[in-house]
Each structure stands twice: as structure tokens, then as C-alpha cells.
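Thank you all for making the time this morning. I would like to walk through one model with you, starting from a single contact and working outwards from there.

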Amino acid sequence: MSTRARRRALQLTLAIPAAFLLVAPTLVVVPMSFTESPILSFPPKGFSTQWYEAVASSDAWQMATWHSLVIAVLSSMVATVLGTLTAFGLARGIFPGKSVAQAILLSPAIVPIVLIGIGTFFAYSRVGLVGTMAGLVIAHAALALPLVLITVTATIETIDPSIELAAANLGASPVRTFLQVTLPVIRPGVIAGALLAFVTSWDELVVSLFLTQPLLHTLPVEMWSSVREQLDPGVAAVSTLLVALSTVGLVMTFFLRLRQQRSA
Amino acid sequence: MVDQVVLTGHRPATSVGRPGLRRPRVNGWALLVLPGLIFTLIAFGWPLAEVLVRSFGGEGAAHNYSVTFTTPAYRSALVSTLLTSAAVTVSCLVIGYPYAYLMAMSRRTELLLALILLPIWTSFLVRTYAWQIWLQDTGVINTTLQKLGIIDDPLELIRNRLGVTIGMTGILLPFAILPLYTVMRRIDRELVRAAENLGARPSVAFRRVFVPLSLPGVYSAALLVFVLALGFYIAPAILGGTSSPTLSTVIVDKVQRELDFHTASAIGITLLAVAIVVLTLGSRVVRIRDVFGGGAP
């Protein structure tokens, strides 16, 4: 028994470095955001919400948040619709060159992001999309599409073929079967894909750096210029808010998965 | 395949009344691929083509690419990118393996999984910024060590390759742990127990039975982390300073400050070529789709 306890202790001890690397960095921004000191040095001095007030009253941060929200909503809608259709096309379609199509559709996930950034800048500047909301929406949707595709494809593979057959046998048209039987079954996967697409756009920095202009900053771009220019704790306040937001998102997907498991 | 199509009721119209027909060349579902495919080709393929074309432009492809490989600064950036990615991959595996093992051995994995998913859901930028707070001269580590009297002057943990490696290891760790855990979870624990019952010491049973069975996860994790690390921009830019540029930071610098699009494009295509070579070599050992599908939470 003692050898088992010792083995367990060894397992826990060896996992500590990973747990530390995963958690500690994210948590350090929380105490730093409440510092009274105007510079970002450790340990934080006193307790003040001044940096939250500064961020909340800043036009730049407000505009950036608004831009990010609009772009993330629109681009995740585009990516989710296209990604879901494509997932069905690849899972059930029969056509020559399918593996090539699949490779093209998944390639945005593996091409180095800086390359996509400069390429988007070159291409979109030809048609006047640089510095516009539309340009950012299109670029972010292209980045998120493979993620939706992967997520939805995984759900399609779990569909029980007999329920669609049953609907068809009962006289439902293929379109009706798809809308009323298939779609509800894969809904958790589509929602998960949409969330992933939203987060992709919400966090995207590198491509946005090339597509934004001073009057059209997104939240990550605004953070980027703050991090590089002045190291005041305002960014720590924004980071804390973002960590809180991602915790909410995480809890949401957790319940989504729980519901999916229960209905399966 | 034909049986399955009939079974699921997606029988293509062409095969009705002709039972002898083999599978059709095209069916209706194929149309659904078109919108996404056309969108990807325009929004993503066109930009890549623009980079490729520019890498051949200016004073010509030969000049652009030879500049990439002969200029000492770019060559050292290439070496630095490869070395950093390799160091990050090794440290992610060494640190992540015991954590994934603990997850696979625990009955209740929710908390351990949440610790991995929270960073994935938190932006790269926030996490890089957090690492800066830890590593900088007035940061958590240096301040604490100085207060304890262990060091007098701050250690150089940032603005060098060490800082980039530490930060990127922290950021990419979830992408190493998830594939490791996925494979380890499926390993039949009875095999390890059988080895122990046959007289192997626990450490021997672990090394000779469990570790070999977990290797597919190790390969997937290594490939995923290495390829992601190759393309990293944010961490090298914030934690690396100007002393150890990577290909990514050089490319952005070329475009934004020097407006030298041709060299930037040639370096970019070189970076892509390196990633493709690594993926091609990796695809002999693991299924690429599994690697990049497994990372999605």
C-alpha cells in the first residue's frame, strides 16, 4: 500500500512543473491589475481599481472592443455557415479531387501566421480592403473555417444513419430530413465550432496588425501597441477582463459538452 | 462504400433502377464543398499566391532567395527559429509527459483538463504579456530572488532565446499535453499490470510497456508543437527583443519598417517550405489530420 501511495506522490510531484506553467502566468495578471503604482513592477503596491477606471473611460479601448466584437460575430457567422456546409460536402460528397479539396480547406491551419498576414496585406490592398471592417471579417473567417470544419466533421461522424433513413422512409424530403433531423443532432458541434471561430477572431493579432489602421484598431491590436509602447498596468486590467471572459467561455463549452453527452 | 450510401438513404439519383452501377463519380453532396472552397481560395489562397509572386519579383527569384540564405542576419534567424522550436518541443514533451500521465491515471480529470483548456481559451497575447511580467528585470522571478538575497543583479531571463523558449513552452504546453493524453488514455492498463505480475519492477514495466505504447502520442505532440513554434510571432517579438530575431520577426520588420516586400516574401516562402518539409517527414509517422484535429478543444 505504501508503494502505491509513494507512486501516487511521485506522479503528482512530476506533474507540478506543467501545472505551474499552465496556470501561474495567467493568474499573475490579476494582482498586477489592482496595483496603485503607475509602472508594471512586482510586487503590486496597495490596492486600486484606477486601471480599470482608466480602461473603461478610454475611447481607444472602447472603440477597439466594439470593433473586435463586430468583427468576431460577423466572421464567426461566415466561418460557421461555410464550415458546416463544407463538412457535409467532404463527409458525404463523392467527387474527384476530394483529398486535394480537403488539403486546401485545412491549409490555413498550418501556414505560418506571419505569411498569411503579409499575403493578406498584399492581396487585400489591391481591392481596397486594407483598413476596412470587411477585410478583417473575410481574413478572420478564412482563418476560422478549418477549425469549424474539423469540429463539425467530428460530430457528423457520430450521426446514427438509421434516424435519417427513418425520416426518409416516413416520407420526408432530403432537404427536410437535413433541416429537421440532421441539423438538430449536430447542433452542439456547430455551436462549439462557432465559439471556436469567435475566439479565433477575438484573439487574432498578427493578420490584424497588417489590416488595421489607426482608426480601426481591434482589441488585440490596441493591447499590442500598449504592451510595446508603455508598460502601464492598464493592459493588466484588460488582460484580467479577458481571462474572466475566457473562463466564462470555457464553462459554457463545458456545459455544452455535458448536454451533448447526456443526449447521446 | 456503396452499401453505406444505400443504407444512409443518400442514394444518388443516377443509381436508381441500375443496381449494377458502381459508385458514381459525383453526387449532390459534393456541391456543398464549393462555397467554402471558393471562399478559402480567394480569402486565403490568393494572399499566398501574392507572396509567392512577390518572392520572384524585384531583382528576381535567384537574388531574393540567395539573399535569404547568404545574409548572415537571415541565416542566423533561420537557425535561431529551428533551435528555439526544437528547444520548445523538447521542453514541452519533458514537462507535459508526466502531466498527461497523471491525467490518464486519474479517475476525475475535470480539474486537470480545465487547467489545460483555460490557457487555450486565453489569448496568446495575454499569456505572452503575463510571461513578460514573470521574466522581466523587475518581474516576479527576479524581484523574489533579489529579496531573498540569492542574486544581486537581475538574471537575464528576457530579451534573449531563453525568455522566448520559456514563454513559448508555457504557451504551447496544452498542445503537447492533449495529444499525449489522448493516446495514453487508450492504453490498456492491464498490459502494465501483466508485466508487473510477471515480475517486472514498476519502473521497468513503465519503461518497457507503457512508454513504447505512448510513442504515437509523443510523435503527434512533437510534430504539432514544432510546427506551431516555427510560425510563432508574438512571443519572439515581445520576449525576444532585438537580440535573437526569428524568421517571423524578420519578415514583419522587412515589411513594416523597410518596405522590402520581395525579400520578406522570399523569407516567408522559406519558412513555409521548412514547415512543409517537417510536416511531410512527420506524416510518415503520424496522421496529419489527427494531429491538427486533436488540438481543437
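Which ring does the charged end of Arg92(A) sit over? It is the ring of Trp29(B), with a distance of 5.0 Å from the ring centre. Please keep in mind throughout that this is a predicted model, and that every value I quote is computed from it.

Let me stay with Arg92(A) for a moment, since it also forms a salt bridge with Glu164(A), in which the closest N and O atoms are 2.9 Å apart. Arg92(A) belongs to helix H3 of chain A, residues 59-92, and Glu164(A) to helix H7 of chain A, residues 161-169, so this pair ties together parts that lie 72 residues apart in sequence. Both partners are covered: Arg92(A) is buried at a relative accessible area of 15%, and Glu164(A) is buried at 3%.

Now to the contact between the chains as a whole. Chain A contributes 97 residues to it and chain B contributes 92, and between them the two chains bury about 8200 Å², of which 78% is on carbon and sulfur atoms. On the chain A side, the residues that lose the most area to chain B are Leu22(A), Ile94(A) and Phe122(A), which together make up 10% of what that side buries. Salt bridges between chain A and chain B number two, out of nine counted over all chains. Arg7(A), for instance, forms a salt bridge with Glu196(B), where the closest N and O atoms are 3.7 Å apart.

Phe122(A) deserves a second look, because Arg54(B) lies over its face, at 4.1 Å from the ring centre. Arg54(B) in turn forms a salt bridge with Glu50(B), with the closest N and O atoms 2.7 Å apart; these two residues both lie in helix H2 of chain B, residues 33-56, and are four residues apart, about one turn of the helix. Glu50(B) and Arg54(B) are both buried, and a network of salt bridges links them with Arg126(A).

Phe122(A) is also part of a cluster, linked by ring pairs, whose other members are Phe121(A), Phe210(A) and Phe261(B). Aromatic pairs come to 17 over all chains, and one of them is Phe121(A) with Phe261(B), an edge-to-face arrangement at 6.2 Å centre to centre and 80 degrees between the planes. Phe121(A) is in helix H5 of chain A, residues 113-126, while Phe261(B) is in helix H13 of chain B, residues 261-282, so the pair joins two chains. Phe121(A) is partly exposed, with a relative accessible area of 23%, and Phe261(B) likewise counts as partly exposed at 23%.

A further pair, Phe124(B) with Phe232(B), is tilted, at 5.3 Å centre to centre and 45 degrees between the planes. Phe124(B) lies in helix H6 of chain B and Phe232(B) in the loop between helix H10 and helix H11, so the pair ties together parts that are 108 residues apart in sequence. Here Phe124(B) is partly exposed at 31%, whereas Phe232(B) is buried at 8%.

Finally, some background on chain B itself, which has 14 helices and zero strands. Of its 297 residues, 54% are buried, and among its contacts with a separation of 6 or more, 68% come from residues 24 or more positions apart.

Terms used. Residues numbered from 1 in each chain as written. Chains lettered and ligands numbered in written order. Predicted model: local features only at pLDDT ≥ 70, side-chain atom pairs only at ≥ 80, totals over all residues. Heavy atoms only, no water. Buried < 20%, exposed > 50% of the residue type's maximum accessible area, 1.4 Å probe, protein only. Contact = heavy atoms within 4.5 Å. Phe/Tyr/Trp six-rings, centres within 6.5 Å; stacked < 30°, edge-to-face > 60°. Lys NZ or Arg CZ within 6 Å of the ring centre and 35° of its normal. Buried area = accessible area lost by both parts, 1.4 Å probe. Salt bridge = Lys/Arg side-chain N within 4 Å of Asp/Glu carboxyl O.
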